[in-house]
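Here is a friendly walk through the structure shown below. Have the viewer open as you read, and follow along chain by chain.

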Protein chains: 2
Amino acid sequence: MPKKPTILSRKLVCRSRLFAVEAMEIQFSNGELRSYERLKRGDSTGGAVMIVPLLDDDTVLLIREYSAGVDRYELGLPKGKIDAGEAALAAANRELKEEVGYGAKILHPLTSLTLAPSYLEHSIDVVIASDLYPEKLEGDEPEELEVVPWSLSNISGLLATGECSEARSIAALYMTVDYLKGNH
Amino acid sequence: MPKKPTILSRKLVCRSRLFAVEAMEIQFSNGELRSYERLKRGDSTGGAVMIVPLLDDDTVLLIREYSAGVDRYELGLPKGKIDAGEAALAAANRELKEEVGYGAKILHPLTSLTLAPSYLEHSIDVVIASDLYPEKLEGDEPEELEVVPWSLSNISGLLATGECSEARSIAALYMTVDYLKGNH
């Protein structure tokens, strides 16, 4: 493992409602200097959570949601921000109730995923939700989300639809399959 | 499939060397209005490419690289920006030579992954590189990257190291395993 670089300086170069960009001067252990920029969440409180809701051992509940970043509907796992002071598992269950209309009796923390660690500080906690029961909470969604059950044994079919492009959803689904294999 | 929302307005709210934040007013088909922010790459030219370099059918070459966004070393797939006017496959081979010290006789476009489509416009093209031969190109890396061969049949062992957190690398590795299963 190489010796970690030293951050010589940090400067906030722009900030919006949701985002903050930080410029950093970094010196590597060999003396090389580089300028980097990374993105911080401007409204960051407790991070974010992604839920893998299992209706049974082979059925995951996906949602079809408008994604403003790419301006199209995407089919993927439900997710949301953790409120200030809220525990990650509680946030997972709340988002599940708001977006999918189920609560979970079992919430299992699976992993934490980064998006693009070279320039984003963001990460998301992935939680497997099982032993589900119907419960709907009002969320802040602008429109009703369509819930789409999908077979975990057919991830390649999901990818073939072209509607599921998000690396976090794809990684979480494959990891869930591996997790279930090891535990069933 | 719901009727797509309408983007009523777009406004650049901040820009740095690498990033640009766009604020958007969006109206959903049910009449609901929402304010969104999304991130655009400020220096966007041709996008980005991630390479899955296969030394053989079970061995992938990973790199250990300092990731400024999270300020730690990460073990993952090589990647880089596509230069203006450069084709994605050419960029994949160039980055492979710069970061891993190999060229590829076969370059297969596997998929395109988004990171967080709800607030990032970014996507990355994933390319499987095989039939490798040693060739080193000088890149702009601040330090020599450590190349780490890893068995594709042991992705869970890779995740257990805690050094590979990037959703894009994880999704691309699992998808490569599925691709190889279907084609060998």
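## A small sheet in chain B

In this predicted model, B:Cys14 has B:Val21 in E2(B) as its bridge partner. That pair belongs to a wider match: strand E1 and strand E2 (residues 19-27) of chain B run antiparallel and are joined by eight bridges.

Step back and you will find three strands of chain B in an open sheet, ordered E1-E2-E3, with antiparallel pairing. Strand E1 (6-15) and strand E3 (33-41) of chain B are the edge strands; each has a single partner strand, so one side of each has no neighbour in the sheet. From one strand to the next, the twist averages 25°.

## A helix in chain A

Now turn to helix H1 (residues 88-99) of chain A. Its twelve residues, at 1.5 Å a residue, should span 16 Å, and the end C-alpha atoms are indeed 16 Å apart, which agrees. After H1(A) comes A:Gly101, with a positive phi near 85°.

Which residues of H1(A) are buried? They are A:Ala91, A:Ala92, A:Asn93, A:Glu95, A:Leu96, A:Lys97 and A:Glu99. The list holds Glu and Lys as well as Ala and Leu. As for their surroundings, the buried residues of H1(A) pack against five strands of chain A: strand E4 (48-56), strand E5 (59-67), strand E7 (79-81), strand E8 (102-114) and strand E9 (123-134).

## How the two copies are related

Chain A is superposed on chain B by a rotation of 180° with 0.0 Å of shift along its axis, and the RMSD is 0.0 Å. The two copies are thus related as by a two-fold rotation axis. Within chain A, the C-alpha nearest that axis belongs to A:Ala171, 2.2 Å away from it.

## Where the copies meet

How many residues does each chain bring to the contact? Chain A gives 53 residues and chain B gives 55 residues. On the side of chain A that touches chain B, at least two residues come from each of strand E1 (6-15), strand E2 (19-27), strand E3 (33-41), E5, strand E6 (72-76), E8, helix H2 (155-160) and helix H3 (167-183) of chain A. H3(A) provides the largest share of that side, six residues.

Sorted by class, the side of chain A that touches chain B contains 30 nonpolar, ten polar and 13 charged residues. Of the interface residues of chain A, 100% are also interface residues in chain B, so the copies meet through the same surface.

Conventions:
Residues are numbered from 1 along each chain as its sequence is written. Chains are lettered from A and ligands numbered from 1 in the order in which they are written. This is a predicted model: local features need pLDDT of at least 70, side-chain atom pairs count only at pLDDT 80 or more; totals for chains, interfaces and linings use all residues. Two strands pair if DSSP finds at least two bridges between them. Helices (H or I, at least four residues) and strands (E, at least two) are DSSP runs, numbered from the N terminus. Axes are lines fitted to C-alpha atoms, for helices over the stretch in contact, and angles run from 0 to 180 degrees between N-to-C directions. The expected span of a helix is 1.5 Å times one less than its number of residues. A residue is buried if 20 or more other C-beta atoms lie within 10 Å of its own, exposed if 12 or fewer, and partly exposed in between; C-beta atoms are placed from the backbone. Two residues are in contact if their C-beta atoms, placed from the backbone, lie within 7 Å. Copies are superposed by least squares on the C-alpha atoms of residues with pLDDT of at least 70 in both. Ala, Val, Leu, Ile, Met, Phe, Trp, Tyr, Cys and Pro count as nonpolar, Asp, Glu, Lys and Arg as charged, and the others, Gly among them, as polar.
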